[in-house]
Amino acid sequence: MFRPLYFSLLLLATAGAQADTTRIAFGSCIHQDKPAPILDAVVARQPDAFVLLGDNVYGDTTDMKELQRKYQKLGAKPGYQALKKAAPVYAIWDDHDYGQNDAGKEYPQKAASKRIMLDFFEEPTDSPRRSRNDGNYASYWIEDNGHFIHLILPDLRWNRDALSKESTDDLIPGLKPANSGPYAATQGRTMLGETQWQWLEQELLKPADLTIIGSSIQLLPEFTGWESWANFPDDRSRLIQFIENNRIADVVFISGDTHWGEVSRTFVNHPQPLWEVTSSGLTEEWKEISPNRHRLGEGFSQVNFGELDINWAAGEVGLSLFDVSGQPLEQYTMILSER
Ligand SMILES: [Fe+2]
C-alpha cells in the first residue's frame, strides 16, 4: 500500500519519543558558595531522575542554623531550581553535609542534621526514612514504562565506627603522603551497623529490573588511604559476598566523595562483573587521583556528572561520565541478564 512520506516520518518521530529507555543521572560534592554551571548540562540531558550522592552542601558545623543556611544557598541556585523542575531528586549524605569532615557515629548533631536534610529534599512526613532512629538510609522504586529500578541508599555515617590512622611507614611506595591520606583498613569495624545490614540485605533480595546502590564513598577500589569501603573490609566483603551468594543480578554501584570521576569493574564469583561509576564533584576537583586497579580507562579531575542510560529493549546500561558542558568523558556498557 502506498504510504505518503510524511506519514512514515511521523511514525519514526513517534518511535524515537517513546524509545524504551530510562536515564538516571547523578553527582556529588557541590559547594553552596560556588557556581555550579554543570547543573545546566544535567538538565539539558533530560534525566528521568537525579541522585545526589553526598557532600550536597559543605555544612561542616554543629550549628544547625548554619547548616540550614547552607542548604538554602543550594536551593537558591538557579541550576538546582531548574534540576528540581526537570526531574525528581534523590539524596544520601556524605561527611560534609552530615556535618563534619570524615565524621562517623560520634558526630553530635546527626538527628538534627537528618531532619534538615530530609526537609530540604521534601521527604514525605510519613516516610520510614524519617521515623527510623538508627540512620538516614532509604530505598526508592523508580518506575518507568513498566520497568522497576530499585535505588538503595545506605547511610555510611550514622553508625560508622572510628577510622584507623595509617602510619606514614605504610604509605604506598612512590606516593607522597599528601596523595594517600591518613587511613588504613581495619577488621572488626563497621559503617552500617547490624540493624542497617539486615535492612540492606532484605532490600537487595527484592526483585528489580535494575538495582542501583548509591554509596556516598567508593566501594570497589581497594585503596585505603582516603575514606572508602576498603577501610572497612568486613562491610565490603559482606556486601560483595551477599551479592555473589544470592546471585543478585543487574546490580550497579554509583558513588561520589573523591573529587574525581572514574569507572571501576571487578570480576567476582558472579555471572556478571560488578560495575561502579564514581562521579565527583559537581563543583569540587582534585588533581591527585589515587591508585585503583579496577579502574577502566582514566580518572577525570575536572567537574563531572554520571549517567546510567538503560536501554531496556537491548538489555544494556550505558555507564557514562560527562563534563561541565555535557560532553561525554567516557562511556562503558553493562549487559543486563537475560530475562
Ligand atoms: Fe566532597
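## Hairpin of strands 4 and 5

Strand 4 and strand 5 form a hairpin with 2 residues between them. In the turn, asparagine 145 has a positive phi of about 50 degrees. The model described here is predicted.

The two strands of this hairpin run antiparallel, and 7 bridges join strand 4 to strand 5. Among the pairs, alanine 138 has leucine 153 of strand 5 as its bridge partner.

## The sheet

The hairpin strands belong to an open sheet of 7 strands, ordered 4-5-8-9-11-10-12, in which the pairing is mixed. Strand 4 (138-144) and strand 12 (295-300) are the edge strands, each pairing on one side only. From one strand to the next, the twist averages 20 degrees.

Strand 5 also pairs with strand 8 (residues 210-215), in the parallel sense and over 4 bridges. There, leucine 151 has isoleucine 212 in strand 8 as its bridge partner. Another parallel pairing joins strand 9 (residues 251-255) to strand 11 (residues 274-278), over 4 bridges. Isoleucine 254 stands opposite valine 277 of strand 11.

## Helix 9 and strand 5

Helix 9 spans residues 194-204, and its residues Gln196, Trp199 and Leu200 are buried. These residues lie on the same side of helix 9 because they cover an arc of only 100 degrees around the axis. The face turned away from the buried side carries the exposed residues Glu194, Gln198 and Gln202.

The buried residues of helix 9 pack against strand 5 (147-153). Strand 5 is itself mostly covered, with 5 of its 7 residues buried.

Technical notes:
Residues numbered from 1 in each chain as written. Predicted model: local features only at pLDDT ≥ 70, side-chain atom pairs only at ≥ 80, totals over all residues. Buried ≥ 20, exposed ≤ 12 C-beta atoms within 10 Å, placed from the backbone. Arc of directions from axis to C-beta. Contact = placed C-beta atoms within 7 Å. Pairing = 2+ DSSP bridges. Axes fitted to C-alpha atoms, helices over the stretch in contact; angles between N-to-C directions.
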